[in-house]
Amino acid sequence: MGRLSSALAELRNYPSAIIGLGIIAFLVGLAVYTVVVIPYDDALDKWRGGDQWRLYPVNASPVWSDRLLGGQAPETKVVSSRDAEIEREAFEGGERLSIPLRVDFQAGDFPSEMTVFFDADGHEREPFARLVWRTPDGREMPLGGSRISRQDRMSISQDRALEQRLGLVPHIGLLATPDSEPGDARVQTGEYELTLDVIVFEENADFEAELVLYGRVHGLAGTDHQRRDLMVALMWGTPVALAFGLLAAVGTTITTLIIAATGVWFGGWVDATIQRLTEVNMILPLLPILVMVGTLYSTSIWLMLGVVVALGIFSAGIKMYRAMLLPIRQAPYIEAARAYGAGNTRIILRYMIPRILPVLIPTFVTLIPTFVFLEASLAVLGLGDPVLPTWGKVLNDAQSESALYSQYYYWVLSPAFLLMLTGLGFAMLGFALDRIFNPRLRTL
Amino acid sequence: MSQAASTATAAAGQSLVEVRDLRTWFELRQWGFMRLGSVKAVDGVSFALQRGESVAFVGESGCGKSSLARTLLGLHQPTEGDVVFEGQSMARLGRRAMRDYRARVGYVQQDPFGALPPFLDVRRILAEPLKVHGIGRSERERRIRAVLEEVRLSPADDYLRKFPHMLSGGQQQRVVIARALILEPSLLIADEPVSMLDASVRVEILNLLRGIQQRRELTLAFITHDLSTVRHFADRIFVMYAGRIVETAAVQELLDHPQHPYTQALLAALADPDPDNALDLREVPGGEAPSLLNPPPGCRFHPRCPKHMPGVCDIEDPPDFEPRPGHLSACLLHR
Ligand SMILES: Nc1ncnc2c1ncn2[C@@H]1O[C@H](COP(=O)(O)OP(=O)(O)OP(=O)(O)O)[C@@H](O)[C@H]1O
Ligand code: SF4
Ligand SMILES: [Mg+2]
């Protein structure tokens, strides 16, 4: 295909094509990287949520967005008893442990939540723990005590009694300067200590504790309402979007082309039937049908892809392809092919379709993002794939959790940005290709 | 039966192609179903072509030359009549036999650029017919190179990777000829093979065709508008008018002693000192070209014929006469 390669070489003269290609290369690279780094099963498992995310904050913004705005919001800090210097004191029938969990807190804002996780395995009689909070300026605040069952957690943020006592939500009150008032609390920086006085009634049984000061910012993408790192969905959304867009574009273009060419070649009732089917199909609304399939049957992305391609077969494109193919049907080289004995299939696939393929490349390239957007729209409508993390699913979550109302802009903006980037990349390349191929329409 | 018809039957023994009362009509419809009648592009044509001869078909535009050629190539279904090729009737050929037939008949078209798929290079263009006929890779390569040498596109390597738009008109037509020859046909049909080429290469291409025809001993049937060159490249001439053959003879005989008033008018125009007329037969003779939808009754030429005999020519359909030995003419003047 000498003409094709020379056309591609010509792309170098179009800055928009270079940018478009750059964006597409970035997206493809990201997709490949994602699939390698987070294998499919891992991604599904992570996106299912649950306890694996317990150390992640709820609805934390990306770190960079906070820093760009000059903020100093804290990231999550985890202090484990494993790194602490534990004092042990044995007594009749048990042991007394004093576990100091020290945190150097230097952030400009309070944590979003405070929890202590316990892991007390292999105890016949449940251990008892008493918690004391020490501030950098030496104040001591008892946080109460309780029996610890095997996998326990003490959610300090939700301690109503403590809140009453402090006059502030605990994760704020505990880290505020002494003169802080509700609505105007300032962070006291310095080294805090949570001392756990634990009584265990057995020797050699495990006792571990983790103090978690949940941050207000997290990673590059932030987290959602289920503490999931949005990076998983933003990254995995890339291969899903590209695959869906590409497969849908290829599927509909190829089938439509073949059907249009078949109709044009055979003419007569074959052509008439295809034309009527197309007209019927053109008035069938795609989105409502997808919604119906999604609601009544399944929202699997592959099923949606199938429906999109199936409904795309007799799409309006047939009319356009038909108009382009009609003059080609009469081309002398097709007559020559018949004269040397080429069959119908060969004529349709080898002589008619390749002739208009170059002209279709720009349309094809710009078609890809429309399918990416379609998939995202379905997800926003709540018809996204039930298990796959996708950009549309992130938007859907954000919408149902009223992210914009709660000012979680990152939640909406980052998937929207990636969607727009995809559209932009393919559109820029497509327009450049259009400018390269379309002057040739005259010579075709 | 006239003497002419019996001569044709006697010759049928060795002839390569025998065309019997061939008719190719195109149905004309309005809105897809209302029949308006038929365009009788070929309407009762009979002739025989011998192995190894070169014949020319001449006639004004729209008289049905291309339709006749396409019918011979099996591109149009004949409405009536039959073509007997190497003793086999085309009407009775099955699918496979039809494909073999297509290999035995080569086709050279008028517009060389249009005749070549623009998205294939020369090697693939020439390989296509061979692939269709199931010829293996190494044999394909050998034949492609051989045929390129034969049409003087050498060295072959310079052309194999070229696309049609990279070739000159003459070179393109050589590729078209190569493609027509690559299946080793015994009949080559060329429809105005040089009319779209630059004047400078026309004779070259005609010489090439003639040379190939003589070397391969194949039958060459070519359609032309250019009576001035025909004597060098054809052994016999068929003059067509309104879907029929009106005169046939050996080249020299026909040019020197035209019998049919239509041929006479054509040749008179050729002698015209105005070079514009000499090269373009489309305009002559005067008067409107006949409608093929409703051809004139009797002799189809009578509305334009200077020797028209009222009451005879417009009633009686002239059969073939043989006014001179081996020279057939369908005009009632010979009676
Ligand atoms: N496929 C077709 N369908 C309908 N009519 C046709 C078809 N092909 C040819 N015709 C008609 O048949 C008549 C003869 O056309 P044809 O092409 O055979 O003429 P021609 O002698 O080759 O003319 P030219 O010298 O201009 O090439 C014309 O009136 C044309 O309109
Ligand atoms: S038959 Fe009559 S009209 Fe026809 S060509 Fe002869 S003289 Fe003319
Ligand atoms: Mg013609």
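In this predicted model, ligand 1 is surrounded by 13 residues, of which Ser61(B), Gly62(B), Lys65(B), Ser66(B) and Ser67(B) come nearest. By residue class, this shell divides into five nonpolar, six polar and two charged members.

A look at the secondary structure shows where part of the shell comes from. Two elements of chain B, the strand β2 (34-50) and the helix α2 (65-72), each supply at least two residues of the shell around ligand 1. The most generous contributor is α2(B), which gives three residues.

Several polar contacts can be described at the level of single atoms. Ser66(B), one of the residues that come nearest to ligand 1, places a polar side-chain atom 2.6 Å from an oxygen atom of the ligand. For Lys65(B), another of these nearest residues, the distance from a polar side-chain atom to an oxygen atom of ligand 1 is 2.9 Å. Cys63(B) takes part through its backbone instead: one of its N or O atoms lies 3.3 Å from an oxygen atom of ligand 1. As for the surface of the ligand, 640 Å² is exposed when ligand 1 is taken alone, and the protein buries 64% of that area.

Turning to chain A, the domain assignment gives two parts. Domain 1 of chain A is made up of two segments, 2-46 and 228-442, while domain 2 of chain A covers 72-214. The C-alpha centres of these two domains of chain A are 54 Å apart.

Terms used: Residues numbered from 1 in each chain as written. Chains lettered and ligands numbered in written order. Predicted model: local features only at pLDDT ≥ 70, side-chain atom pairs only at ≥ 80, totals over all residues. Heavy atoms only, no water. Near = heavy atom within 4 Å. Polar contact = N/O pair within 3.5 Å; in protein donor to acceptor, adjacent residues only side chain to side chain. Areas by Shrake-Rupley, 256 points an atom, 1.4 Å probe, with all protein chains shown as cover. Helix = DSSP H or I, 4+ residues; strand = E, 2+ residues; numbered from the N terminus. Nonpolar A, V, L, I, M, F, W, Y, C, P; charged D, E, K, R; others polar. Domains from an automatic or database assignment.
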